[in-house]
Amino acid sequence: MNMFLGSLPHIEDCQKRVRVYSNGVCLIDTKKARLVWLHNKYPAYGFIREDLPSWYLRVASETENEIVFDVTLGHNPKLLRVITYYLKGPLQGIAIAKFDAFDAWFEEDEEIFVHPKDPYKRIDILQSSRHIRIEVNGIEVANTRAPRLLFETGLPVRTYIPKTDCRMDLWQPSDLTTGCPYKGNASYYNIVLSSGETFDNIVWWYPTTTLESAPIRGYVAFYDEKVDMWVDGEKQVRPNLVSL
């Protein structure tokens, strides 16, 4: 849960240099970015009018409340209607650019992915000696005394397990991948039991991670919401399904 519930949008100054690229061209380069919470999940970056690439902007639509711009760099359809500049209301004088419309975003010289990081969100990864045992439909698929526990603000604790403590013979690679700005890009496995029963995308792992999440690189996690888990011999109540 975000601290700004009930008081949105929320705007804060950002002390980081922010750059936005498309087709190798730096379109925005500013030290005056704003962090703008339009909802309670994560912030967007906001920019003042002077920091927008005026030579690449074309008005797509205009009302008394806002101007929507295309970015005229090449003939890329992803760059249509990607910047909204607000003329009135709580966002007056701020432009919001669609994150996934552009090729690359940088905070200082570090590239960021998926969306800007929330400064009020953190990740702690702790080595544990708890005994973790996991079953799928009565079949044990993991058993370890060396899990790493990932505590992420606002989300359930996730248990990461060494692959060698898992039934890897039951895994089938999935085509699904997801991205997280705090952890990296996740790959998934299905579990296929000897009966032929298949549980899709029930295991995930990070082949590479962000620096802050390096301790879970190569470990796997199971959807607690979809498996039966025992911690130190005590069966856990399945939480409600939460996306990564």
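Me: In which loop is the place of Glu108?

Reply: The model is a predicted one, and in it Glu108 sits in the loop between strand 10 (104-107) and strand 11 (110-112).

Me: What is the sign of phi at Glu108, and about how many degrees is it?

Reply: As a general idea, most residues other than glycine have a negative phi. Glu108 departs from that pattern, with a positive phi of about 55 degrees although it is not a glycine.

Me: Is Glu108 buried, partly exposed or exposed?

Reply: Buried means under 20% relative accessible area and exposed means over 50%, with partly exposed in between. Glu108 has a relative accessible area of 40%, so it counts as partly exposed.

Me: Which loop holds Val114, and what is its phi?

Reply: Val114 lies in the loop between strand 11 and strand 12 (123-127), and its phi is near 75 degrees, a positive value in a residue other than glycine. Because its relative accessible area is 41%, Val114 is partly exposed.

Me: How should I read the peptide bond that joins Leu8 and Pro9?

Reply: The general idea is that most peptide bonds are trans. The bond between Leu8 and Pro9, however, is cis, with omega about -5 degrees, and Pro9 is found in the segment before strand 1 (10-13).

Me: Which domains does the domain assignment give, and how far apart do their C-alpha centres lie?

Reply: The assignment gives domain 1 (10-112) and domain 2 (123-236), and the C-alpha centres of these two domains lie 36 Å apart.

Me: Which residues form a nonpolar patch on the surface?

Reply: The patch is formed by Leu126, Phe151 and Val157, which together have about 230 Å² of accessible area. A residue needs over 30% relative accessible area to join a patch, and Val157, at 33%, counts as partly exposed because that value lies between the bounds for buried and exposed. In the chain, Val157 belongs to the loop between strand 15 (148-152) and strand 16 (158-161).

Me: How do I read a pocket, and what is the volume of the second largest pocket?

Reply: In general, rolling a probe the size of a water molecule over the atoms shows where empty space is left. The second largest pocket here has a volume of about 260 Å³. Its lining consists of 15 residues, of which Val157, Thr159, Asp224, Met229 and Gln236 lie nearest its centre, and the elements that give two or more residues to that lining are strand 15 and strand 21 (228-231). Val157 therefore appears twice in this reading, as a member of the nonpolar patch and as one of the residues nearest the centre of the second largest pocket, while counting as partly exposed.

Conventions:
Residues numbered from 1 in each chain as written. Predicted model: local features only at pLDDT ≥ 70, side-chain atom pairs only at ≥ 80, totals over all residues. Heavy atoms only, no water. Patch = residues over 30% accessible without salt bridge, like charges linked within 9 Å, V, L, I, M, F, W, Y side chains within 5 Å. Areas by Shrake-Rupley, 256 points an atom, 1.4 Å probe, with all protein chains shown as cover. Salt bridge = Lys/Arg side-chain N within 4 Å of Asp/Glu carboxyl O. Helix = DSSP H or I, 4+ residues; strand = E, 2+ residues; numbered from the N terminus. Buried < 20%, exposed > 50% of the residue type's maximum accessible area, 1.4 Å probe, protein only. Domains from an automatic or database assignment. 1 Å grid on protein atoms, 1.4 Å probe; cavity = no way out; pocket = protein on both sides within 12 Å on 5 of 7 lines; lining within 4 Å. Points joined across faces, edges and corners; volume = space filled by probe spheres on them.
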